[in-house]
There are 2 protein chains.
Amino acid sequence: MQRQIDHELNKLRAVILSMGQAVESAVEEATEGLIERDPERLKKVREYEDRINAYHLEVDELCLKLIAQQSPLAADLRMILAIIKINADLERMGDQAMNISLNVRDYLGKDPLPEAATIASMAHTVRKMVRDAMEAFVKADLTLSEQVLLQDDVVDEAKRTTFKRLIEVMKKDGTQVEGAVDLMLVSRNLERLGDHATNIAEDVIFASTGKDIRHGGFHSGQKS
Amino acid sequence: MQRQIDHELNKLRAVILSMGQAVESAVEEATEGLIERDPERLKKVREYEDRINAYHLEVDELCLKLIAQQSPLAADLRMILAIIKINADLERMGDQAMNISLNVRDYLGKDPLPEAATIASMAHTVRKMVRDAMEAFVKADLTLSEQVLLQDDVVDEAKRTTFKRLIEVMKKDGTQVEGAVDLMLVSRNLERLGDHATNIAEDVIFASTGKDIRHGGFHSGQKS
């Protein structure tokens, strides 16, 4: 027989999953807007962000109720605390997608720069990180979580390379400064999206094992 | 007679307060490093960040134990959930201070730019926001929380102005591009610090009133 708390936790997981899908879609619209130079796709980001913000409040309320009504212990409590953090990360990822859509909107009003292609490839990796982090959460898949952590290094390196190239562009041609700044902001927001996906992967590891791998440390938590 | 949970909550509040002070110090060293052009002050930021990260893990563990052992309800539970979020914000503020110290270190190797003065004034406001948010938390002061929200608009406006000026610098003089990019990153990190202080102020309001004022909405929570 299923425990009442399992039923509630499954409901909560389903909401987080829908929220994660809305984040993926927001990032997709924002970055495809850049690649396809299509302002219509950018407009859709706000719709997704509204949805993400509504989920954010809903998840916090569900967690509060669940703790108050079920007095969860050990593994269940760890899962709920992980969900509270994942919820906060997903909400910020929605903000980042929104920021990207605004940076891209600014950029589309200026001369195209070839560096946009590097950013498109960076966006591809970040979107995979977001998908993988959510899949790792749903399946409690530790191997996939660790892959997300590794992908983050790729994104950080891509951002450094993009910054260097854009600085060269700006040094050579003052008329390209504004477009280059827009792209720098896009690449910085993508890097931050990758950081949040990494946080989610770390929370999945914590929820499943009780191991806190943040700050390079291994704090073993309670086992259920 | 004091309840056991009040004793535990006070302990938790004291840790969060020490953590907040470490964040204030980290931001102070990072920004004074810019103003005084002193790399020695920048080095201290890492020490504070290590301390902040240790507090971060400690607070999460304390919250987990408190929920598991005391089964808190209503106002107590709301306070613990607020602390979990404030903890996450403070940890990221430590990261932001660290980012600023790295950006400033890069900047100090280049020609000084007059725009550094605007950033010094922006840093002043952000530090006040951090202090006020922590004081609002300690005193459960809603008026002070609302003042933090208002100060955030000032910081956002200062960041926009700084960006515009730095873009003009870069357009006119290619040799200043790298220093200007460093300062843009400092001002962007300061803006994010202000956002986190705002989150803390919102959490103080939530913990005290049960009102969720995020995303412009008013979700009334349980009253104790």
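The following is a conversation between a student and a tutor about a predicted model with a chain A and a chain B.

Student: Let us start with the interface. How many residues does each chain give to the contact?
Tutor: Chain A gives 41 residues and chain B gives 41 residues. Please keep in mind that this model is predicted.

Student: How much area do chain B and chain A bury between them?
Tutor: They bury about 3900 Å², and 62% of that area is on carbon and sulfur atoms. The accessible area lost when parts come together is often used to give the size of an interface.

Student: How many salt bridges and polar contacts are found across it?
Tutor: There are 6 salt bridges across the interface of chain B and chain A. In addition, 8 residue pairs are in polar contact there. On the side of chain B that touches chain A, the elements giving two or more residues are α2 (39-70), α3 (74-108), α5 (142-172) and α6 (177-209) of chain B.

Student: Which of those gives the most?
Tutor: That is α6(B), with 11 residues. The residues on this side of chain B comprise 16 nonpolar, 12 polar and 13 charged ones.

Student: Which salt bridges could I look at between the chains?
Tutor: One of them joins the side chains of B:Arg92 and A:Asp89, at 2.9 Å from N to O. Another joins B:Lys171 and A:Glu178, whose closest N and O atoms are 3.4 Å apart. The latter pair runs from helix α5 of chain B, which holds B:Lys171, to helix α6 of chain A, which holds A:Glu178.

Student: Are B:Lys171 and A:Glu178 buried or partly exposed?
Tutor: B:Lys171 is partly exposed because its relative accessible area is 33%, a value between the limits of 20% and 50%. A:Glu178 is also partly exposed, at 31%.

Student: Now the whole structure. How many salt bridges are there over all chains?
Tutor: The search finds 38 over all chains. Among them is the pair A:Lys159 and A:Glu191, at 3.8 Å from N to O. A:Lys159 is in helix α5 of chain A and A:Glu191 is in helix α6 (residues 177-209) of that chain, so this pair ties together parts 32 residues apart in sequence. Both A:Lys159 and A:Glu191 are buried.

Student: What about a salt bridge inside one helix, such as B:Glu40 with B:Lys43?
Tutor: Their side chains meet at 3.0 Å, N to O. Both residues lie in helix α2 of chain B, 3 residues apart, which is about one turn of the helix. An α-helix has 3.6 residues a turn, so residues three or four places apart point the same way. B:Glu40 is partly exposed at 47%, whereas B:Lys43 is exposed at 53%.

Student: Which residues form a network of salt bridges in chain A?
Tutor: The linked residues are A:Glu28, A:Glu29, A:Glu36 and A:Arg41.

Student: Changing topic, why does the span of helix α2 of chain A agree with what is expected?
Tutor: Helix α2 of chain A has 32 residues, so at 1.5 Å a residue it should span 46 Å; its end C-alpha atoms are 47 Å apart, which agrees. At its N-terminal end, A:Asp38 acts as a cap, with a side-chain oxygen 2.8 Å from the backbone nitrogen of A:Glu40. Just after this helix, A:Ser71 has a positive phi of about 40°.

Student: Where else is there a positive phi in chain A?
Tutor: A:Arg37 has a phi near 50°, and A:Ala140 also has a phi near 50°. Most residues other than glycine have a negative phi. A:Arg37 sits in the loop between α1 (4-35) and α2 of chain A, while A:Ala140 is in the loop between α4 (116-139) and α5 of chain A.

Student: One last residue. Is A:Ser145 buried or exposed?
Tutor: A:Ser145 is buried, because its relative accessible area is 0%, and buried means under 20%. This residue belongs to helix α5 of chain A. A polar atom of its side chain lies 3.0 Å from the backbone oxygen of A:Asp141. Apart from neighbours within four places in sequence, A:Ser145 is in contact with A:Ala136, A:Ala201, A:Val204 and A:Ile205.

Terms used
Residues are numbered from 1 along each chain as its sequence is written. Chains are lettered from A and ligands numbered from 1 in the order in which they are written. This is a predicted model: local features need pLDDT of at least 70, side-chain atom pairs count only at pLDDT 80 or more; totals for chains, interfaces and linings use all residues. Side-chain values use heavy atoms; hydrogens and water are left out. Contact means heavy atoms within 4.5 Å. Buried area is the accessible area (1.4 Å probe) that two parts lose on being put together, summed over both. A salt bridge is a side-chain nitrogen of Lys or Arg within 4 Å of a carboxyl oxygen of Asp or Glu. A polar contact is a pair of N or O atoms within 3.5 Å; within protein, one must be able to donate a hydrogen and the other to accept it, and residues adjacent in sequence count only if both atoms are side-chain atoms. Helices (H or I, at least four residues) and strands (E, at least two) are DSSP runs, numbered from the N terminus. Ala, Val, Leu, Ile, Met, Phe, Trp, Tyr, Cys and Pro count as nonpolar, Asp, Glu, Lys and Arg as charged, and the others, Gly among them, as polar. Buried means under 20% relative accessible area, exposed over 50%, partly exposed in between (1.4 Å probe, protein chains only). The expected span of a helix is 1.5 Å times one less than its number of residues.
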